[in-house]
Amino acid sequence: MRRFIFNTSILSSVIGVWGVVQATRRGPRDWRLIAMWVSWALTVAVAVGTVAKEAQDGDLLSGNELED
């Protein structure tokens, strides 16, 4: 869990939601707002996937494979 909390890509994507929230509160409600939210969600998904893949690769390299 710690690798997710302290990873810079996760932190930057979570902090990046501030701009999207401000645009939602103050900006026009059109297709660009939806695109901003979709873009932010994809950024978070890629960041989480990258951290999970790095954790999996690290576990495989260190011999700490997870039992299925």
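Select isoleucine 34 to begin, and keep in mind that the model on your screen is predicted. Isoleucine 34 counts as exposed, because its relative accessibility is 56% and the cut-off for exposed is over 50%. This residue is found in helix H4, so if you also select threonine 24, ten residues away from isoleucine 34 in sequence, you can draw a C-alpha to C-alpha distance between the two, which comes to 9.3 Å.

Next, select residues 31–62, which make up helix H4, and within that helix pick out tryptophan 37 and tryptophan 40, which lie three residues apart, or about one turn of the helix. How many aromatic pairs are there? The count comes to one aromatic pair, and tryptophan 37 and tryptophan 40 form that pair in an edge-to-face arrangement, with 5.8 Å from centre to centre and 85 degrees between the planes. If you then turn on the surface, tryptophan 37 counts as partly exposed at 31% relative accessibility, and tryptophan 40 likewise counts as partly exposed, at 24%.

For the last stop, select aspartate 30 and arginine 32 and show their side chains, which meet in a salt bridge with a distance of 2.6 Å from N to O. A search of the whole structure finds one salt bridge. Are the partners buried or exposed, or something in between? Aspartate 30 is partly exposed, with a relative accessibility of 23%, and arginine 32 is partly exposed as well, with a relative accessible area of 47%.

Methods:
Residues numbered from 1 in each chain as written. Predicted model: local features only at pLDDT ≥ 70, side-chain atom pairs only at ≥ 80, totals over all residues. Heavy atoms only, no water. Salt bridge = Lys/Arg side-chain N within 4 Å of Asp/Glu carboxyl O. Buried < 20%, exposed > 50% of the residue type's maximum accessible area, 1.4 Å probe, protein only. Phe/Tyr/Trp six-rings, centres within 6.5 Å; stacked < 30°, edge-to-face > 60°. Helix = DSSP H or I, 4+ residues; strand = E, 2+ residues; numbered from the N terminus.
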